[in-house]
Amino acid sequence: MFGFLRRRKLKRIRENSNETLIMHISDTPERVYTFIAELIDEYKPDVIIHTGDLADNIKLERKPELRPLYIGAVRKLARILKSSGAELYIVPGNEDDVELVKKFFGKSVVEPGSVIEINGKTLALGHTWEDVADKNTDFKLYGHNFRVIPKGLNAVLGVNFVFLPSGMVVRMDYPVGTDTARGYKLRRGL
């Protein structure tokens, strides 16, 4: 709700700032790839960080027979992210094939729990909150579930845009239906 206001705010900040812009995404089903491409075109992030489960609608860990579909999906996402011109950091998730992710993203792939520095700020990168919880960093970027931790930015909850060095964060909601596409079931009743 009020996503259009956040988009306007983000656009205004981006146009009036010389700061480095990081776009943080995670657990992306194929149906959001177009949305991601639109955000990249509109805001032109300097750095894109994906914290795992690149094709989250394909549960490869549970259904390895879906590998051909997974390859096609990751190929699409790689094309979008690599054509952005942004510096990339990709953390494989539990639903990813690490070797395939490395094939498509090469040296951009980092281990869960890695710490990077951008503009004097440190960022811990992981797929789960457990990967980053014990890191002494300015930001802890992750996804996988809905858990929120101190200094944590969980990209399951939305696309995080981080301006550095100020540390300003703007969260953009994913399109309606993203959680359903991820295979998340709604809890009803008590």
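Start by selecting Asp27, which this predicted model places in the loop between strand S1 (20–25) and helix H2 (33–43). Although Asp27 is not a glycine, its phi is positive, at about 50°. With the surface switched on, Asp27 should be sought beneath it, because a relative accessibility of 1% makes this residue count as buried.

Next, follow the chain to Lys44, in the loop between H2 and strand S2 (47–50). Lys44 is another residue other than glycine with a positive phi, here near 45°. Its setting can be described in the opposite word, since at 55% relative accessibility Lys44 counts as exposed.

From Lys44, turn to Tyr43 in helix H2 and add Phe161 in strand S8 to the selection. A search of the whole structure finds one aromatic pair, and it is edge-to-face, because the rings of Tyr43 and Phe161 have their centres 5.5 Å apart and their planes at 65°, where an angle over 60 degrees is what the term requires. The two residues are 118 residues apart, so that the pair links distant parts of the chain. Both Tyr43 and Phe161 are buried.

Stay with strand S8 (159–164) and move on to the loop between it and strand S9 (168–172), where Pro165 lies. Show the backbone here and select Leu164 together with Pro165: the peptide bond that joins them is cis, with omega at about 20°.

Two places where a charged side chain lies over an aromatic ring come next, and both are best viewed with side chains drawn as sticks. Select Arg147 and Trp129, and the charged end of the arginine will be found over the ring of Trp129, 3.9 Å from its centre. Then select Lys103 and Phe104, where the lysine lies over the face of Phe104, at 5.8 Å from the ring centre.

The last stop is the largest pocket, which holds about 190 Å³ of space. To display its lining, select Phe146, Val156 and Leu157, then Asp173, Tyr174, Pro175, Val176, Gly177, Thr178 and Asp179, and finally Arg182. Colouring this selection by class will show six nonpolar, two polar and three charged residues; Gly177 and Thr178, both part of the lining, take the polar colour if glycine is counted as polar.

Conventions: Residues are numbered from 1 along each chain as its sequence is written. This is a predicted model: local features need pLDDT of at least 70, side-chain atom pairs count only at pLDDT 80 or more; totals for chains, interfaces and linings use all residues. Side-chain values use heavy atoms; hydrogens and water are left out. On a 1 Å grid over the protein atoms alone, a cavity is a set of points where a 1.4 Å probe fits but cannot get out, and a pocket is an open set with protein on both sides within 12 Å along at least five of seven lines; lining residues have an atom within 4 Å of a point. Grid points are joined across faces, edges and corners, and a volume is the space filled by probe spheres set on the points. Helices (H or I, at least four residues) and strands (E, at least two) are DSSP runs, numbered from the N terminus. Buried means under 20% relative accessible area, exposed over 50%, partly exposed in between (1.4 Å probe, protein chains only). Rings of Phe, Tyr and Trp (its six-membered ring) pair if their centres lie within 6.5 Å; planes under 30 degrees apart count as stacked, over 60 as edge-to-face and the rest as tilted. A charge sits over a ring if NZ of Lys or CZ of Arg is within 6 Å of the ring centre and within 35 degrees of the ring normal.
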